Amino acid sequence: MISALAASSQPGVTIFHIVREAIAMEISMKAMGAGYSYSEVPKDSDHGLHDDEGGFPSSFRKRRESRVKATCPWTRSYLFRRQLSFAAALAVFVVAGLVASTVSRGLGTRPDPNLAASARNGLAAMAASGRKLRVATWNIAAINNNPFEYWITYDENPAYEKIMTGIEAFLEHPGAEDVAVSEVFTEDMFARLAKRMDAVGWDDVRSHWDDDFKKRKIVSGFLKDPLLGSKRLASMPDRITNTIHVAGSDEPVCRPTVINMYGGDLSDLNLWWKAWEKFMFDAPLAIPMKDGPIPVYQMLQPIKRSKYPDVTPEEEKVSLPLQTMCGAIFDAVLVHMMNTVSAPETWQNLKKTMVENLNKQKVPHTLDILENVYGTSDIVTLQEVSASFIDQARKRPLGEKYWIVAPEAMDAVRDQNSVIFLRKETFPAGPSAEISSLVENSFEEGVDVPVAKGDILAITAADRDGIPFVVASFHGDTNGLATKPVLAALMKATSSDPALAAHKLVFGLDANTYEKAEPGKQQGVVDWGKRYVSYDLTSCWGDVPNPSNYTTFNSRTYLQPQLNKACKKSDKRRNGDVNPKDFILFGKGDFEVASTWKDNTGERKYVENMAFPTLKFPSDHGILATVLEPVGSSSVN
C-alpha cells in the first residue's frame, strides 16, 4: 500500500495504478492466513471448531449464537470485517494518492468554479466561432548597439571586409603587436583612474594592476583570456555603459569606445582617455525610473559568484572597481588596435555609415516588422526591450492597436525588459493585474536563480469570450540555467491561488536552450522539453522539441567584449551560436497548434544557414509565431 502512495506522486500515475497496486498487496496477504482467498474462508463448522478450539485468533472467533443474534452486519463475520477494513484503508490511500499526484503536477489548489466555468464556456465559444489565437514571441536584443558585433554581408564597401579580416589577423597572429597592457593603457591613465575610484569610496585595486594586469599582453594575456570573459570583467561594464538611454531624449548617450554609436574622435588614445574619464565620472545622466541624474559609475552592478562561478571571493568583493579598470583597459586596446589595422579616417567613416544603417534605424525597423508583418497577432511577447522602444511603440499605430504592457519594476540600468502586447480587439478590457512579483517570490527557497530585474513579466487578462489568461514573457540567462526554475515558479504561483488556477497560460520566452549543452553549465533543449511536459504543458514545437530546429544563427566578430564567442570568417557556422532557443508554451489540454513558423527575414520566412542580424533583419533571434485553437476545435468545426 505504501508503494501505491509513493507511485501516485509520479507523473502519469492514475487512480487505476493505485487501486491495482493495493489489490496486488491484498492478494499477496493470502499466504499469511490459512491459505484461502476471501471466497474460500472456511466456516467454523467445516472443521468442527468449538468456542475453545484453535483456528482463527480468539479476537476473531464468533459463537454461533452471537452470529444468530447479531443485528449489525459488520459484527457477523471475520471475513466481512476484514473486507470492510481493507476498503476503508484503500479509500484513505486513494485520497492521499490523488492529493500527492495533484500536488506533484503543480495543481495543488482547486480552481475557482466560476472562473473555471468561464474558461470552459469561453473556449467552447471560441471553438464554435472558429476563432484562433495568434501568438508571436521575439527577443529583439535591445543591447545590440555595436555595429561591428556580428558578421554581416556588406558588399557595397570593400573596406569592411578588409578591416574585419585585419582585426581577425591581429588577434590570431599578433606577433610583435602583442605588447604589454601598460604600453596602451599607461601608468598615468591608471593613476588617474585609481584616484577617481578612491574618491567615490571604492576599494583599492592597485595590487591587481601592479601584480597582474599591467604585465599582461594586450592580446594573449588580456583580450583572449577565457577567464576574463567567463568572469564578465570587461563585458559586464560594457553591457551596462555601452549605450545609455536618457530621459527626455530619443538619442542615447554612448561610452567613448569603438563598439557602439559613439561619434567622437578616437584617432588618438589621449583624446579617447579624456572623453572616457569625463563620461564615467563627470557627466551625470537622467535615467528613466531614477530620481534625478546619476553619474555613470553608479550604474555599474556587482558581479556575483552565484551567477558567474569563475569569479573568486576576492574579485567579488572588489568587483566594481575591478570591472571599471578592466573596462578601461578593454576600450584602450580596441582604439589602439583599430588605429593600427586601419587609418583612423577610414574606419571611423565606415563606422558612421554602419551605425546609421544597423543601429540608429534598429528600433524603427523592428517596429515596422511588428506593425506591418505581425500586426494581426493577438499576443506578442518581447524580450530585451529598452524603455525607449516602449515609448516609441506607444506613439505609433501599434499603441492604438495594442495594450503595451511593461513591468512595474523596469530595469532602468541594463535597459533590458520583457514586454507584452495584447491586441485590444481580442482583450478589450486590457490587462487586469501583474503577477511578476508573485512568480519571483515562488522560487525554491535557498536557491539563487540567475534572474535579473525586468527579465520576467507575467500578467492576467480576459479575452472577448471571457477566457481568463495568464500571459508571461521571459528572457533567460545566457546559459539557460534560470529557465526551468522560472517555469517551476510560474506554475507554483498560478496553482497557489484558486483564481489563477483557472486561468489559461500562454508563455513566450527566450529559453536560451542548446542543441548540445555542456552538462551542468548549459540548459539542453531536450531536457527542457521533458520539464515543460511534466507540467501538462506543450509548446508550439510539440512535446519533444527538435534539437536542430534553430531560432538563432549569429556569429560574433572579434570587435566585441566576449572574445570567447568570436568566430573567424571561415568558422561562422561551426562556431556560431546556432541553437533552438525560443518557445511558446501553453496548456496541453487547452490549445493545439494549427500552424507554427519562424522568421529571420521580417517576411514570415526563415532562411536556414544564414547568419543574422542582417541589414534587413535587426535582431540575432528569429521571430517565432504560432496559431492556436482550442482542443477539439477541428472536430467541432
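The following exercises, each with a worked solution, concern a predicted model of a protein chain.

Residues are numbered from 1 along each chain as its sequence is written. Local features are taken at pLDDT of at least 70 and side-chain atom pairs only at pLDDT 80 or more, while totals for chains, interfaces and linings use all residues, and side-chain values rest on heavy atoms, with hydrogens and water left out.

**Exercise 1. State how many helices and strands the protein chain has, and what share of its residues is buried.**

Solution. Counting helices (H or I, at least four residues) and strands (E, at least two) as DSSP runs numbered from the N terminus, one arrives at 24 helices and 16 strands. Taking buried as under 20% relative accessible area, exposed as over 50% and partly exposed as in between, with a 1.4 Å probe and protein chains only, one finds that 50% of the 637 residues count as buried.

**Exercise 2. Work out the strand order of the open sheet of six strands, and say which helix packs on it.**

Solution. Two strands pair if DSSP finds at least two bridges between them, and the order that results is E7-E8-E9-E10-E14-E11, with mixed pairing. Strand E7 (431–434) and strand E11 (537–539) stand at the edges with a single partner strand each, so one side of each has no neighbour in the sheet. From one strand to the next, the twist averages 20°, where axes are lines fitted to C-alpha atoms, for helices over the stretch in contact, and angles run from 0 to 180 degrees between N-to-C directions.

At the E7 edge, three bridges join E7 to strand E8 (residues 456–462), and the two run antiparallel; alanine 433 has threonine 460 in E8 as its bridge partner. The helix that packs on the sheet is H20 (residues 483–495), which touches E8, strand E9 (468–475), strand E10 (504–510), E11 and strand E14 (582–587), contact meaning heavy atoms within 4.5 Å. The direction of H20 makes about 160° with that of E10.

**Exercise 3. Place leucine 320 in the structure and name its contacts beyond four places in sequence.**

Solution. Leucine 320 lies in helix H14, and its relative accessibility of 22% makes it partly exposed. With neighbours within four places in sequence left aside, leucine 320 is in contact with Trp202, Leu300, Gln301 and Pro302. For leucine 300, which is 20 residues away along the chain, the C-alpha separation from leucine 320 is 6.8 Å.

**Exercise 4. Compare the settings of aspartate 415 and aspartate 536, then locate the cis peptide bond that precedes proline 613.**

Solution. Most residues other than glycine have a negative phi, and most peptide bonds are trans. Aspartate 415 has a positive phi, near 60°, and belongs to the loop between strand E5 (402–405) and strand E6 (417–423), where it is buried with a relative accessible area of 10%. Aspartate 536 likewise has a positive phi, of about 60°, but sits in the loop between helix H22 (525–534) and E11 and counts as partly exposed at 38% relative accessibility.

The cis peptide bond runs from phenylalanine 612 to proline 613, with omega near 20°, and proline 613 is found in the loop between strand E15 (591–599) and strand E16 (623–630).
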